[in-house]
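Trainee: I have the sequence and the model open, but I get lost when I try to look at everything at once. Could you pick one part and take me through it slowly, from its framework to what lies against it?

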Amino acid sequence: MMQHYDTKGTSDENLSSLEISTKQNDADFATAIDIQNENFISSQIARHFPTHEIIGEESTGTGSVPPLSSSEPTWIIDPIDGTTNFAAGLPLSCVSIGFCLKGRPYMGVVYAPMTNELYLAVRNLGAYRNGILLSKCTGDKSAKTLSNAVVCFEFGYARTDRGVDDMVDAVRRLLKHGVRTTRTLGSGVLDLCYVACGRMDVAYTGVAEEGWKPWDYCAGLVVAMEAGCTVGHLERDGGEGYGFDMYAKSMICGVNEVVVEQCRNVVMGV
């Protein structure tokens with residue numbers, strides 16, 4: 001990853017080395033580095049934990065995501081979250097490795113190479129960035145409301161008239177309600193990590209067909225939960241917190257329950 005980042009935009013850049021291959025459409029693609037990362041991570045897991053299950057974004061491809069076992073320990077891998085950012089040379093991308101026990105997220109590891117930040121969280125043991133404990137929902141986090149919140153959303157791959165209208169209308173309602181600002185980072189895993197450490201206050205996805213997959217949620221969800229965040233679904237039709245359904249099509253995560261509920265109501269037009 002770093003070789004591409006370091007040479008992007010210079011005479012040493014070699015785009016052909018990325019070997020970009022599309023999935024569903026031109027906006028959804030993988031690079032050779034995605035595949036190499038996943039193969040390396042999967043091989044190391046298989047070497048040390050040969051009986052464990054592995055669900056990887058690139059090995060799944062455009063097929064159905066394998067069901068999460070309630071009996072077998074399972075690793076969930078996103079070899080590069082923010083592939084579009086990575087290919088473009090934008091610094092917001094990461095490697096995400098989640099671990100589930102009894103069908104629920106238990107541990108998350110996220111590494112962002114360009115910012116040299118390592119997030120590590122284990123259920124009931126806290127969340128850390130570069131070895132420093134992330135604060136729980138106290139101080140500014142506990143008092144945050146939508147009107148002074150930094151709100152993050154991801155538009156994803158929706159391109160139908162209805163899908164585009166639904167996503168843009170949600171942002172319009174937020175701006176008319178009043179928020180501090182909005183952001184779209186291009187990496188769902190980092191969205192969750194940045195809410196966890198208070199860089200943003202709430203993030204959501206799933207207004208249209210742009211919902212995420214288990215590898216977008218698993219590791220980041222543990223980081224967010226261990227930092228005291230509130231995690232649920234926009235439609236309130238799934239579990240919350242560690243009971244969150246990683247196969248669902250929507251998500252909202254915020255630094256406290258109040259800002260999550262306020263944002264949910266405005267986004268959904270309640």
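Mentor: Happily! Let us begin with a term: two strands count as paired if DSSP finds at least two bridges between them. The strands themselves are DSSP runs of type E with at least two residues, while helices are runs of type H or I with at least four residues, and both kinds are numbered from the N terminus. Keep in mind that this is a predicted model, in which local features need a pLDDT of at least 70 and side-chain atom pairs count only at pLDDT 80 or more, whereas totals for chains, interfaces and linings use all residues. Residues are numbered from 1 along each chain as its sequence is written, and side-chain values use heavy atoms, leaving out hydrogens and water.

The part I have picked is an open sheet of seven strands, in the order β3-β4-β5-β6-β7-β8-β9 and with mixed pairing. Its edges are β3 (53–56) and β9 (132–133); each has a single partner strand, so one side of each has no neighbour in the sheet. As background, the strands of a sheet pair through backbone hydrogen bonds, and they may do so either parallel or antiparallel.

Let us walk in from the β3 edge. β3 and β4 run parallel, and four bridges join them. If you want a place to put your cursor, find G56, whose bridge partner in β4 is I77. On to the next pair: β4 and β5 run antiparallel, with six bridges joining them. Here I76 stands opposite G98 in β5.

Stay with β4 a moment longer, as its surroundings are worth a look. A residue is called buried under 20% relative accessible area, exposed over 50%, and partly exposed in between, using a 1.4 Å probe and protein chains only. Eight of the eight residues of β4 are buried, so this strand is largely enclosed by the rest of the structure.

Now follow the chain through two of the loops. K102 lies in the loop between β5 and β6. Its phi is positive, about 55°, although K102 is not a glycine. With a relative accessibility of 72%, K102 counts as exposed. There is another such residue in the loop between β8 and β9, where you will find N130. The phi of N130 is near 50°, again a positive value in a residue other than glycine. N130 has a relative accessible area of 45% and is partly exposed.

Moving along the sheet, look at β7 (residues 117–122) and β8 (residues 126–129). They pair in the antiparallel sense over four bridges. Within this pair, Y119 stands opposite R129 in β8.

What lies against these strands? Helix α8 (residues 214–226) packs on the sheet and touches β3, β4, β5, β6 (104–112), β7 and β8. Contact here means heavy atoms within 4.5 Å. The direction of α8 makes about 95° with that of β6. For such angles, axes are lines fitted to C-alpha atoms, for helices over the stretch in contact, and the angle between N-to-C directions runs from 0 to 180 degrees. A second helix, α2 (residues 32–48), lies across β3, β4 (74–81) and β5 (94–101), and it runs at about 155° to β4.

One last stop brings in a pair of cysteines. C218 counts as buried, at 1% relative accessibility. The cysteine sulfur closest to that of C218 belongs to C100, 3.6 Å away, which is too far for a bond. In general, a disulfide is a covalent bond between the sulfur atoms of two cysteines. The cut-off used here is a pair of cysteine sulfur atoms within 2.5 Å. A search of the whole structure finds zero disulfides.

To put the picture back together, trace the order from β3 to β9 once more, then place α8 on the sheet and α2 across β3, β4 and β5. Finish at β4, with its eight buried residues, and at the two loops that hold K102 and N130.
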